[in-house]
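User: I'd like a close look at a single part of this structure, with its surroundings filled in as you go. Could you take me through it in one connected answer?

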2 protein chains.
Amino acid sequence: MPHNSARCRSNCPINFVLETFGDKWTLLIVRDLLFHGKRHYGEFLASDEQISTNILADRLQRLERDGVVEKQADPSHGSKVIYRLTQKGRELLPIMLEITAWSGKHDSRTNVPKAFLKQLAKDRPRLAAQILDSLDETEKG
Amino acid sequence: MPHNSARCRSNCPINFVLETFGDKWTLLIVRDLLFHGKRHYGEFLASDEQISTNILADRLQRLERDGVVEKQADPSHGSKVIYRLTQKGRELLPIMLEITAWSGKHDSRTNVPKAFLKQLAKDRPRLAAQILDSLDETEKG
DNA sequence: CGCCGGCACTTGCATTTCGCAAGCGCTGCT
DNA sequence: AGCAGCGCTTGCGAAATGCAAGTGCCGGCG
């Protein structure tokens, strides 16, 4: 937890998320976990933005320490590791959706499908529930 | 705009906001503009988190370049400068409110008043409207 | 008219973080 | 027994950050 660390800067809620997510990479890992069903180290490494392996290892460790992500051995494959969001991590979804809406509006080159933005505007709770459901599916399978 | 820069990493909406806000400081400036009615360089400098002056100058310049903030001379005091959010910047409010809600829930030492969180849960559009109104007030006065 | 204080930056330099490439250790498969 | 895949570590040059001091402009006051 940020506030347990020595370098806590304030108790402002904006600052609180910045202590964990205030860099160019951490939120991309959350995105991959939440929207893209990724669970393995190599999958994060393969994302478009090309995170380097040392940074990835560092960020996963921080996310785990901050209670956003948990790590477990892959039962079906001993040398693999499964990363998944905790409940706290899943609760980032509303933030992620607001971010998507904002970028959808202000980024002329966005890759967000129009249909997704429409659904976001029309019935956000339902969309959120669908995303969490499909995440559960992924984690079961 | 991030995508006009050479170092654009992808067209993902999450990445889009990270290109502008992906560091430990930028969003604190937005917070000060949006929630605390700050407009002057020296006011940002005085915030709890103690941003250093060279970083502040750099971030304000980037925010202006990205169309989130605009800069104008203070008519009442020639050596002062007024910074204000553009419409695009004001539209960050929903993101900021979601962040506040998340931190309010997960940060045991948060300084967010309980009443604020309640209002956030109960009638968010109204709260958002109030915040924007009081921002208009500040900018008029 | 000249000086002084406030304000918005700039500059220089030490420290930290990042980015890239190579390598390591363990596991399962053949 | 050997090899390939996977998660992660290490080393090093480059870039970003943090800190402190300095610069230039404006307004106010004597």
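Analyst: Let's begin with A115(A), which is found in helix α7 of chain A, residues 114-122; helices (H or I, at least four residues) and strands (E, at least two) are DSSP runs, numbered from the N terminus. A115(A) counts as exposed because its relative accessibility is 56%. On this scale, buried means under 20% relative accessible area, exposed over 50%, and partly exposed in between, with a 1.4 Å probe and protein chains only.

Before going further, please keep in mind that this is a predicted model, in which local features need pLDDT of at least 70 and side-chain atom pairs count only at pLDDT 80 or more, while totals for chains, interfaces and linings use all residues. Residues are numbered from 1 along each chain as its sequence is written, chains are lettered from A and ligands numbered from 1 in the order in which they are written, and side-chain values use heavy atoms, with hydrogens and water left out.

From A115(A), look across to P13(A): 102 residues separate the two along the chain, and their C-alpha atoms are 32 Å apart. The domain assignment splits chain A into domain 1 (1-86) and domain 2 (92-141); such bounds come from an automatic or database assignment. Taken over C-alpha atoms, the centres of these two domains of chain A lie 20 Å apart. Twelve residues of domain 1 of chain A are in contact with eleven residues of its domain 2, where contact means heavy atoms within 4.5 Å.

P13(A) brings us to helix α1(A), a mostly covered element with nine of its nine residues buried. Among them are P13(A), I14(A), E19(A) and F21(A). The cover over these buried residues includes α2 (26-35) and α4 of chain A, and also α2 (26-35) and α6 (93-106) of chain B. E19(A), placed in this helix at residues 13-21, counts as buried because its relative accessibility is 13%. The side chain of E19(A) reaches the backbone nitrogen of R9(A) at 3.1 Å. That is a polar contact: a pair of N or O atoms within 3.5 Å, where within protein one must be able to donate a hydrogen and the other to accept it, and residues adjacent in sequence count only if both atoms are side-chain atoms.

F21(A) shows the nonpolar side of the helix's surroundings. Not counting residues up to four places away in sequence, F21(A) touches T26(A), L27(A), V30(A), L63(A), V68(A), L92(A) and, from the other chain, W102(B). In the largest nonpolar core, which has 68 residues, I14(A), F21(A), I29(A), I14(B), F21(B) and I29(B) have the most contacts. Such a core is a set of buried Ala, Val, Leu, Ile, Met, Phe, Trp, Tyr and Cys residues joined through side-chain atoms within 4.5 Å. In soluble globular proteins, nonpolar side chains tend to be buried together.

Now to the DNA. Strand D is surrounded by 18 residues, and the closest are G42(A), K71(A), Y83(A), N54(B) and R59(B); a residue is near a strand if one of its heavy atoms lies within 4 Å of it. Sugar and phosphate make up 60% of the atoms of DNA strand D that come within 4 Å of the protein. Phosphate oxygens of DNA strand D lie 2.7 Å from a polar side-chain atom of K71(A) and 2.4 Å from one of Y83(A). N54(B) instead places a side-chain N or O atom 2.7 Å from a base nitrogen of DNA strand D. The largest share of this surface, four residues, comes from α4(B). By class, the surface near DNA strand D has five nonpolar, nine polar and four charged residues; Ala, Val, Leu, Ile, Met, Phe, Trp, Tyr, Cys and Pro count as nonpolar, Asp, Glu, Lys and Arg as charged, and the others, Gly among them, as polar.

At DNA strand C, α4(A) supplies the largest share of the surface, four residues. Here N54(A) has a polar side-chain atom 2.6 Å from a base nitrogen, while R59(A) has a side-chain N or O atom 2.8 Å from a phosphate oxygen. From chain B, a polar side-chain atom of T53(B) lies 3.5 Å from a base oxygen of DNA strand C.

Finally, V81(A) sits in strand β2 of chain A, and its 29% relative accessibility is why it counts as partly exposed. Leaving aside neighbours within four places in sequence, V81(A) is in contact with R39(A), H40(A), K71(A), Q72(A) and D74(A).
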